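Colleague: Please take one loop of this model as a starting point and look at it closely. From there, follow the elements that border it, and the contacts that come with them, as far as they lead.

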Amino acid sequence: MAAMALLARILNARVSPAAGRGGFLSAGVSRPSRPEGARLPAGTRAEDKGVGRPGAPRAGGRAEGPRSLAAMPGPRTLANLVEFFWKDGFSRIHEIQQKHTQEYGKIFKSHFGLQSVVSIADRDMVAQVLRAEGAAPQRADMGSWQEYRHLRGRSTGLISAEGEQWLKMRRVLRQRILKPRDVAIFSGEINQVIADLIKRIYILKSQAEDGETVTNVNDLFFKYSMEGVATILYESRLGCLETSVPQPTVDYIEALGLMFSMFKTSMYAGAIPRWLRPFIPKPWREFCRSWDGLFKFSQIHVDNKLRDIQCHMDRGESVSGGLLTCLFLSQELTLEEIYANITEMLLAGVDTTSFTLSWAVYLLAWHPEVQQTVYREIVKNLGERHVPTAADVPKVPLVRALLKETLRLFPVLPGNGRVTQEDLVVGGYLIPKGTQLALCHYATSYADENFPRPREFRPERWLRKGSLDRVDNFGSIPFGYGVRSCIGQRIAELEIHLLLIQLLQHFEIKTSSWTKAVPAKTHGLLMPGGPIHVRFVNRK
Ligand code: HEM
């Protein structure tokens with residue numbers, strides 16, 4: 001299914017190859033103290049080794065300047081075109097990150113037509129770029145998103161907005177959903193959705209040939225994620241987990257599907273200059289059509305809720321509620337801003353969560369010993385049938401570790417983007433203001449120096465050994481970092497933690513004769529490259 005594909009398109013498609021052979025153990029990111037200096041071979045300069053400040057005098061006394069982008073290694077335009085368009089590199093962006101990192105090193109430059117992108121596949125450089133960001137970081141050029149909104153008289157939402165407009169909306173939403181305690185109040189609603197999902201699993205099992213296998217679990221988790229996030233965003237149920245799904249919900253799923261199926265087409269929508277549109281109209285037309293569908297759906301549900309609130313107010317009753325109610329009553333956002341943000345959050349919150357759940361279940365099925373350890377912790381600390389709430393999650397650290405390890409192995413957004421807002425020196429190179437950076441999270445997630453035995457599924461690597469132990473690691477930041485990080489992180493975590501606990505309480509998840517090894521593929525997001533089939537065996 002589709003959703004966050006467009007955000008991911010922006011974030012990933014620009015993530016091409018990453019760079020420079022070996023070399024950069026740690027690289028400084030700082031504002032350049034002077035313009036481009038003399039060029040030295042990569043790996044020989046002080047700041048390449050992370051031991052010099054740009055512009056600082058070297059041991060011999062002469063100040064050494066950063067190298068220019070022209071000196072940065074990277075794949076040539078033609079090689080990139082062949083890789084992406086001829087060899088369908090768009091579905092292997094995650095692998096290409098690793099390949100290019102090996103070929104060119106941890107910082108490298110790629111060209112896509114007129115645009116060049118600097119890719120960074122080093123944990124410390126990523127950390128320093130993100131720590132150096134200003135008040136309103138920019139992820140990528142959102143011109144086509146903004147143009148659609150302008151055309152239809154719509155507002156931008158958090159994903160598509162920039163500058164002051166973004167800051168204003170982020171400030172409002174941050175107060176409501178950014179902290180775990182803000183979203184803890186939704187445990188009850190999410191648990192109702194989980195109860196429906198578990199009922200659905202029993203129904204699907206009863207229809208299965210072997211009485212246990214659920215085929216294509218992502219279909220199920222897509223419905224769960226959509227229902228879960230909509231419960232929070234719209235404060236109402238959509239009926240995704242019912243046997244017969246209501247028509248507007250079916251229409252919305254189709255609009256998402258359209259966006260997903262035309263992933264490449266929609267990429268071109270932004271890339272094709274306006275003057276060419278009369279000659280190649282399809283990408284832009286489809287892009288608008290799918291946004292029309294997504295906005296329409298959100299508007300129907302937001303309006304329903306607002307009418308309901310208005311009725312209560314007209315009767316003089318006091319009104320309280322969740323996110324939408326608060327947004328409406330506080331009047332900090334205009335109605336158009338509410339529509340736009342709810343639309344973009346729904347778009348961002350469905351596939352991301354469902355792919356992560358699919359991978360978690362896949363990993364548990366293939367690693368029964370890990371599953372058993374997690375299950376034992378749940379039974380010991382929560383009990384066999386205790387319905388958990390957010391307050392219970394810290395009592396089962398292995399469940400949190402399971403999610404972190406799943407997202408390390410399968411980061412839904414294998415790469416992220418930033419446009420530099422001032423000149424920076426990264427890895428010894430001067431990166432001018434306005435450069436598109438691609439942060440290669442997939443490559444850093446699989447780097448030995450960040451995660452020993454990186455291919456192994458070992459949730460316990462995320463457990464803290466003591467209260468002072470820190471397991472944060474910029475090698476794996478699946479929700480991003482800093483002021484522009486994922487606003488829905490706590491919602492996603494709540495949905496995933498509560499569901500994993502209850503799934504394991506009810507079922508032992510096992511492979512079946514239909515279960516195959518499923519590779520990851522990039523289709524905007526990093527997703528299962530084939531259907532995942534597993535058995536849900538009832539616990540005694
Ligand atoms: C496993 C689930 C999820 C993952 C892995 C994920 C990951 C991400 C990442 C990596 C970013 C970019 C952060 C950055 O640039 O630093 C992002 C942005 C965003 N996410 Fe999520 N996300 C998930 C679920 C959700 C959910 C459930 C929602 C909504 C309820 C959501 C809403 C957003 C929004 C609105 C943005 C843009 C924020 C901004 O620009 O201010 N995400 N997400």
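Modeller: The loop between α18 (441-445) and α19 holds arginine 453, and the model that shows it there is a predicted one. The phi angle of arginine 453 is positive, at about 50 degrees, although the residue is not a glycine. Its relative accessible area is 49%, so arginine 453 counts as partly exposed; the limit above which a residue would be exposed is 50%. A second non-glycine residue with positive phi is glutamine 331, at about 55 degrees. Glutamine 331 is also in a loop, the one between α13 (323-330) and α14. With 65% relative accessibility, glutamine 331 is classed as exposed.

Further along the chain from arginine 453, there is a salt bridge between arginine 458 and glutamate 460, with 3.8 Å between the closest N and O atoms. The two partners fall into separate burial classes. Arginine 458 has a relative accessible area of 19% and is therefore buried, while glutamate 460, at 39%, is partly exposed. The value for arginine 458 sits just inside its class, because buried means under 20%.

Next comes the helix at the far end of the loop. Glutamine 505 is placed in helix α19. Its relative accessibility is 3%, so glutamine 505 is buried. A polar atom of the glutamine 505 side chain is 2.9 Å from the backbone oxygen of histidine 386. Another glutamine can be set beside this one: glutamine 97, in helix α3 (residues 93-104). Glutamine 97 has a relative accessible area of 0% and is therefore buried. Its side chain also makes a backbone contact, reaching the nitrogen of alanine 443 at 2.9 Å.

The ligand is the next step. Its shell has 27 residues, of which Arg139, Arg170, Asn416, Arg484 and Cys486 come nearest. By type, the shell contains 15 nonpolar residues, eight polar and four charged. Three polar contacts can be listed, each made to an oxygen atom of the ligand. Arginine 484 places a polar side-chain atom 2.8 Å from such an oxygen. Tryptophan 166 also uses a polar side-chain atom, at 2.9 Å. For leucine 158 the polar atom belongs to the backbone, and the distance is 3.4 Å. Helix α19 (489-506) is one of the elements that give two or more residues to this shell, together with α6 (163-177), α14 (335-349), α15 (351-366) and β5 (416-419).

Of these elements, α14 leads on to the salt bridges, of which the count is 30. Arginine 149 and glutamate 344 form one of them, with an N to O distance of 2.9 Å. Glutamate 344 is in helix α14 and arginine 149 in helix α5 (residues 143-151), so this pair ties together parts that lie 195 residues apart in sequence. Arginine 149 and glutamate 344 are both buried.

A further bridge across the sequence joins glutamate 235 to lysine 305, at 3.5 Å from N to O. Here the separation is 70 residues: glutamate 235 is in the loop between α9 (217-233) and α10 (247-261), and lysine 305 is in helix α12 (residues 282-314). Lysine 305 is classed as buried, because its relative accessibility is 16%. Salt bridges also occur as a network, one that links Asp196, Lys199, Glu227 and Arg237.

One surface feature completes the walk. Leu78, Leu81, Val82, Phe85 and Trp86 make up a nonpolar patch with about 580 Å² of accessible area together. Of these residues, leucine 81 belongs to helix α2 (residues 77-86). Its relative accessibility is 38%, so leucine 81 is partly exposed.

To return to the starting point, the loop with arginine 453 is bordered by α18 and α19. Of these two, α19 carries the buried glutamine 505 and gives at least two residues to the ligand shell.

Key
Residues are numbered from 1 along each chain as its sequence is written. This is a predicted model: local features need pLDDT of at least 70, side-chain atom pairs count only at pLDDT 80 or more; totals for chains, interfaces and linings use all residues. Side-chain values use heavy atoms; hydrogens and water are left out. A residue is near a molecule or strand if one of its heavy atoms lies within 4 Å of it. A polar contact is a pair of N or O atoms within 3.5 Å; within protein, one must be able to donate a hydrogen and the other to accept it, and residues adjacent in sequence count only if both atoms are side-chain atoms. Helices (H or I, at least four residues) and strands (E, at least two) are DSSP runs, numbered from the N terminus. Ala, Val, Leu, Ile, Met, Phe, Trp, Tyr, Cys and Pro count as nonpolar, Asp, Glu, Lys and Arg as charged, and the others, Gly among them, as polar. Patches are made of residues with over 30% relative accessible area and no salt bridge: like charges are joined within 9 Å, nonpolar side chains (Val, Leu, Ile, Met, Phe, Trp, Tyr) within 5 Å. Accessible areas come from the Shrake-Rupley method with a 1.4 Å probe; for residues, only the protein chains shown count as cover. A salt bridge is a side-chain nitrogen of Lys or Arg within 4 Å of a carboxyl oxygen of Asp or Glu. Buried means under 20% relative accessible area, exposed over 50%, partly exposed in between (1.4 Å probe, protein chains only).
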